[in-house]
Amino acid sequence: MNPLPAVDAVRPAAEKTDRPGPDFSSSSVPRHLARGALGFGLVIGSVALVPVAGPAALLAAPLALVAFRGCPTCWMVGLAQTISRGRLERRCADGVCTLVKTHPHPGGTPRA
């Protein structure tokens, strides 16, 4: 049994709901797709070049993690975040969080 209380048990409820989650999104969808093309290209290229360049070609694969900002799953989550940015908002009240559509802003600029 752990003698220390869980960190979330000590924090007030308001502080729990105001924490931002991880953000894997890009500033635009084309930029995010370019990062994905670079990441997948590095992974495929490093594996495809093993017969030609030997195992040293696999050194390009970790660079894909930089392009993906983690793993391919992180890139997919970021794509969803990039597409929904400014369109969905998380609102929490009384310990229940929901996703709601945001209203369009005058001038067409999304909130920061």
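## Cysteines, a hairpin and a helix face

Q: In this predicted model, is C71 buried, partly exposed or exposed?
A: The relative accessibility of C71 comes to 28%. Buried would need a value under 20%, and exposed one over 50%. With its 28%, C71 therefore counts as partly exposed.

Q: Which cysteine sulfur is closest to that of C71, and why is there no bond?
A: Let's check the distance: the closest cysteine sulfur lies 3.2 Å from the sulfur of C71. A disulfide needs the two sulfur atoms within 2.5 Å, so this gap is too far for a bond. The partner that stays unbonded at this distance belongs to C74.

Q: Is C74 buried or exposed?
A: Seen from C74, the closest cysteine sulfur is that of C71, again too far for a bond at 3.2 Å. The relative accessibility of C74 is 16%, and the cut-off for burial is under 20%. C74 therefore counts as buried.

Q: Which cysteines form a disulfide, given that a search of the whole structure finds 1?
A: The sulfur atoms of the bonded pair are 2.0 Å apart, and the cut-off is within 2.5 Å. Both partners are partly exposed, with 27% relative accessible area for C92 and 40% for C97. The pair is C92 and C97.

Q: What is the handedness of the disulfide between C92 and C97?
A: Here the thing to look at is the torsion about the S-S bond. Its value is about 110°, so the disulfide is right-handed.

Q: In which sense do strands β1 and β2 pair?
A: β1 covers residues 88-93, and β2 covers residues 96-101. Across the pair, R90 stands opposite L99, while E89 stands opposite V100. The strands make 6 bridges, and their sense is antiparallel.

Q: Which residue in the turn between β1 and β2 has a positive phi?
A: The two strands form a hairpin, with 2 residues between them. One residue in that turn has a phi of about 55°, and this residue is D94.

Q: How many of the 6 residues of β2 are buried?
A: A buried residue has under 20% relative accessible area. Strand β2 is hardly covered, and its count of buried residues is 0.

Q: How far apart are the end C-alpha atoms of helix α3?
A: Helix α3 runs over residues 29-48, which makes 20 residues. At 1.5 Å a residue it should span 28 Å. The model agrees with this, as the end atoms are apart by 28 Å.

Q: Within what arc do the buried residues of α3 fall?
A: The buried residues of this helix are H32, R35, G36, G39 and S46. Seen down the axis they line one face, because they fall within an arc of 115°.

Q: Which helices are among those that cover the buried residues of α3?
A: On the other side of α3, P30, A37, L38, I44 and A48 are exposed. As for the buried residues, their cover includes residues 50-53, 61-68 and 72-84. In helix names, these are α4, α5 and α6.

Q: With which side chain does the side chain of S26 make a polar contact?
A: S26 is in the loop between α2 and α3, and at 5% relative accessible area it is buried. Beyond four places in sequence, S26 touches residues including R35, R69, T82 and R85. Its side-chain polar contact, at 2.9 Å, is with H32.

Key: Residues numbered from 1 in each chain as written. Predicted model: local features only at pLDDT ≥ 70, side-chain atom pairs only at ≥ 80, totals over all residues. Heavy atoms only, no water. Buried < 20%, exposed > 50% of the residue type's maximum accessible area, 1.4 Å probe, protein only. Helix = DSSP H or I, 4+ residues; strand = E, 2+ residues; numbered from the N terminus. Pairing = 2+ DSSP bridges. Expected span 1.5 Å × (residues − 1). Arc of directions from axis to C-beta. Contact = heavy atoms within 4.5 Å. Polar contact = N/O pair within 3.5 Å; in protein donor to acceptor, adjacent residues only side chain to side chain.
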